[in-house]
Structure formats: C-alpha cells, structure tokens
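These are my notebook entries, written while I looked things up one at a time. I begin with the fold as a whole and then turn to single elements and residues.

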Amino acid sequence: MPELPEVETIKNGLLYLKGQTISQITIKSSHCLRPHPDRFIQFRPRQVKNITRRGKLLIFVLERNLFLIFHLKMTGKLFLNPPSPYPKHTHLIFKFAQGQTLIFQDTRKFGFVCLFTSQELKTWPFWKDLGKDPLRIAWEDFKKLFTSQAQVKSLLLNQKILAGIGNIYADESLFLAGIHPQTKANQIPAAKLKKLYTALQKVLQKAIQLGGSSFRDYVDSLGQKGKFQEQFWVYGRYGKPCLQCQTTLEKIKVCGRTSTICPQCQRLYL
DNA sequence: CGTGCGGCCTGAATGC
DNA sequence: TGCATTCAGGCCGCAC
C-alpha cells in the first residue's frame with residue numbers, strides 16, 4: 001500500500017543513515033532478492049552516499065557504483081532499530097557500522113529488494129520505463145499524457161505514465177477533480193484535466209505533510225502511523241455520505257480495483 | 001500495440 | 001464456534 005507519499009515519508013525518516021556504512025546484510029529469506037541472492041551474500045561494506053525516491057521505489061545510493069533499491073508493494077516495511085524479537089516475515093537485516101539496524105519485513109512477500117550497478121539499473125525495464133513524477137511534471141507535459149481512450153483511473157495507476165500513484169491517491173484526486181474513474185482519458189475537458197493536475201499535486205503534498213496514509217497497516221520506518229487517512233474524501237468510505245453533497249458513496253470495480261466514487265460529484269465523460 | 005484480467009501472497013473480515 | 005470464502009492492490013505475464 002505504500003504509494004508516493006508513504007515512500008517519501010519513509011525516505012525522510014531514513015535520511016540520517018546518509019553517510020553511514022552498511023557493514024553486513026543478514027538474509028532470513030531470499031525470495032525477495034534481485035537480481036540474485038548471491039549478490040547479497042557476497043556484499044561487502046559500503047557507505048550510503050544518498051537516499052532518494054523514484055515513484056514508489058526507495059533508493060539507497062551506495063559508494064562504488066551500487067544501488068540498493070526497495071519496492072514495498074503492498075505490505076513491505078522498513079523498520080529502523082526495531083525491538084527484538086523482530087516481527088514475523090522479517091526477510092533482511094542490515095547492520096550499520098555506526099550501530100543502526102534496518103530490517104525489511106513483508107507479510108505478503110510481494111515486495112522485493114535489488115542490488116544493481118548503474119549499468120544494470122539503466123536496463124532494468126521497470127526503471128527504464130518508469131513515468132514522470134506527478135509532483136515534478138509540468139502542466140504542459142501532464143496534459144499530453146491524456147490522449148488515449150483508456151479509463152482515466154487505469155492511466156493514473158499506470159507507473160509507466162505517472163510514477164507513484166496507487167489506489168488511494170487515484171480515488172482521492174479523481175473525486176477532488178470531479179471526474180468519474182471510468183471516464184475516457186481523451187474525453188476529459190481541458191479545464192477538468194487542469195483540475196485533476198492541481199488535485200493530484202494538492203493531495204500528494206498534503207499526504208506527505210501528514211506522514212502518509214495508514215488505512216490498513218502502513219507505518220513508517222519508526223513505526224509511526226500517518227494521518228492523511230483522516231482527510232479521505234472517498235477512499236474506503238463507500239456506503240457513507242459524500243462530504244460535499246451527502247449522496248451515498250458507491251463502490252465500483254475499475255480496472256480490477258475497488259474504486260469509491262460519489263455518483264453525484266464525479267462526472268462520467270465517454 | 002493497447003487493454004483487461006488472473007496470479008502471486010498472507011491475514012483480517014465476512015459468510016454460513 | 002469453526003470452517004470456508006472473500007478481499008486488500010502493485011505489478012507481471014498472458015490472452016484477446
């Protein structure tokens with residue numbers, strides 16, 4: 001469930017590991033390791049030069065041309081200095097020379113961890129094809145993305161088009177823009193599209209300010225819950241009244257995912 | 001090529 | 001109470 005704001009929050013919480021040295025990696029289970037577990041077994045100490053985010057990816061830039069990359073998918077978590085015993089489904093333990101411990105834990109095992117050189121990174125399809133960051137894209141470039149007949153929600157969730165948006169922020173931004181998720185992308189009037197652009201930025205910025213959304217079980221690297229779930233207009237609120245017009249919010253399936261919409265506030269363009 | 005859908009995985013919630 | 005089923009959704013791979 002960690003989307004852009006959650007990964008950004010995790011990154012910010014880990015930033016002080018910058019400059020520290022990963023001295024040892026302990027593997028509890030190797031299914032999540034890319035390109036191969038050997039890479040992790042043979043790991044030798046390296047300093048962390050920087051910690052960044054791209055879409056939903058969390059990236060540790062290590063010295064001597066190595067990138068440690070996490071994708072948390074649904075239930076992946078990073079915990080800094082967790083109390084012992086470590087939680088069930090802890091897969092990796094990173095020991096730092098300065099005494100810190102970072103663990104990677106993932107109940108559903110969807111997440112993965114990579115050790116890539118810059119050359120490998122460049123050819124990794126997921127990296128190579130990753131779309132623009134919705135917080136850094138200009139309006140002129142944003143509107144050019146909406147030229148297909150795809151349902152607007154599937155377009156927002158497509159990481160090759162925009163990187164970092166998941167179900168929560170797609171539903172929230174579409175509600176704020178007054179657009180039905182099944183609207184065809186190329187049928188959205190320009191003014192509405194501008195509204196979507198603004199809504200996305202607003203929603204993501206606000207969520208980052210509030211430390212992300214803890215709707216199910218998201219917590220940051222220090223085990224802190226986010227607060228943005230208290231600001232949800234629609235996500236997970238089906239059956240409850242719309243906060244703008246009191247109409248009962250509906251749950252529908254769009255591109256295989258649950259979407260919560262206000263049938264009154266969100267207009268469908270076909 | 002673009003789109004839609006099943007599979008991956010576990011645990012919580014729901015149904016009977 | 002207890003067992004079975006459904007659901008959560010990011011991304012890949014396959015079918016159409």
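I looked up the contacts in chain A between residues at least 6 apart in sequence, and I noted that 63% of them join residues at least 24 apart. I am reading a predicted model here, and I keep that in mind for every entry below.

**Entry: the whole chain.** I found eight helices and eleven strands in chain A. The radius of gyration is 20 Å, close to the 18 Å that the globule rule gives for 270 residues, so I wrote down that chain A is as compact as a globular protein of that length. Along its principal axes, the C-alpha trace spans about 55 × 35 × 30 Å. I then looked up the surface, and its accessible area comes to about 12,300 Å², with 50% of it belonging to carbon and sulfur atoms. Of the 270 residues, 51% count as buried.

**Entry: helix α7.** How many of the eleven residues of helix α7 are buried? I found that ten are, so the helix, which runs over residues 167-177, is mostly covered. Among the buried ones I listed Ile-168, Tyr-169, Leu-174 and Phe-175, but also Asp-171 and Glu-172. I next asked what they pack against, and the partners are α1 (4-14), α6 (152-157), α8 (190-209) and β11 (257-261). After α7 comes Gly-178, whose phi is positive, near 70°.

**Entry: the loop between β6 and β7.** I remembered that most residues other than glycine have a negative phi, and that most peptide bonds are trans. With that in mind I went through the loop between β6 (76-80) and β7 (90-96), where Pro-85 has its place. The peptide bond that joins Ser-84 and Pro-85 is cis, with omega about 0°. Asn-81 is in this loop as well, and its phi is positive, about 50°, although Asn-81 is not a glycine. His-89 also lies in the loop between β6 and β7, and its phi is a positive value near 70°. I checked whether these two residues are covered: Asn-81 is partly exposed, with a relative accessible area of 39%, and His-89 is partly exposed too, with a value of 25%.

**Entry: another cis bond.** A cis peptide bond also joins Arg-34 and Pro-35, with omega about -5°. I located Pro-35 in the loop between β2 (33-34) and α2 (37-41).

**Entry: DNA strand B.** Which residues are around DNA strand B? I listed Lys-88, His-89, Thr-107, Arg-108, Lys-109, Phe-110, Ser-148 and Ala-150. Of the strand's atoms that come within 4 Å of the protein, sugar and phosphate account for 59%. By type, the residues divide into two nonpolar, three polar and three charged. I then looked at single atom pairs, and His-89 from the loop entry came up again: an N or O atom in its side chain is 3.0 Å from a phosphate oxygen of DNA strand B. For the side chain of Lys-88, the distance to a phosphate oxygen is 3.4 Å. For Arg-108 the partner is a base oxygen, which is 2.6 Å from an N or O atom of the side chain.

**Entry: Lys-143.** Lastly I looked up Lys-143, which is found in helix α5 (residues 139-144). Lys-143 is partly exposed, with a relative accessible area of 34%. Its C-alpha atom is separated by 40 Å from that of Leu-102, and the two residues are 41 residues apart along the chain.

Conventions: Residues are numbered from 1 along each chain as its sequence is written. Chains are lettered from A and ligands numbered from 1 in the order in which they are written. This is a predicted model: local features need pLDDT of at least 70, side-chain atom pairs count only at pLDDT 80 or more; totals for chains, interfaces and linings use all residues. Side-chain values use heavy atoms; hydrogens and water are left out. A residue is near a molecule or strand if one of its heavy atoms lies within 4 Å of it. A polar contact is a pair of N or O atoms within 3.5 Å; within protein, one must be able to donate a hydrogen and the other to accept it, and residues adjacent in sequence count only if both atoms are side-chain atoms. Ala, Val, Leu, Ile, Met, Phe, Trp, Tyr, Cys and Pro count as nonpolar, Asp, Glu, Lys and Arg as charged, and the others, Gly among them, as polar. Helices (H or I, at least four residues) and strands (E, at least two) are DSSP runs, numbered from the N terminus. The radius of gyration is taken over C-alpha atoms; the globule rule is 2.2 Å times the number of residues to the power 0.38. Buried means under 20% relative accessible area, exposed over 50%, partly exposed in between (1.4 Å probe, protein chains only). Contact means heavy atoms within 4.5 Å. Accessible areas come from the Shrake-Rupley method with a 1.4 Å probe; for residues, only the protein chains shown count as cover.
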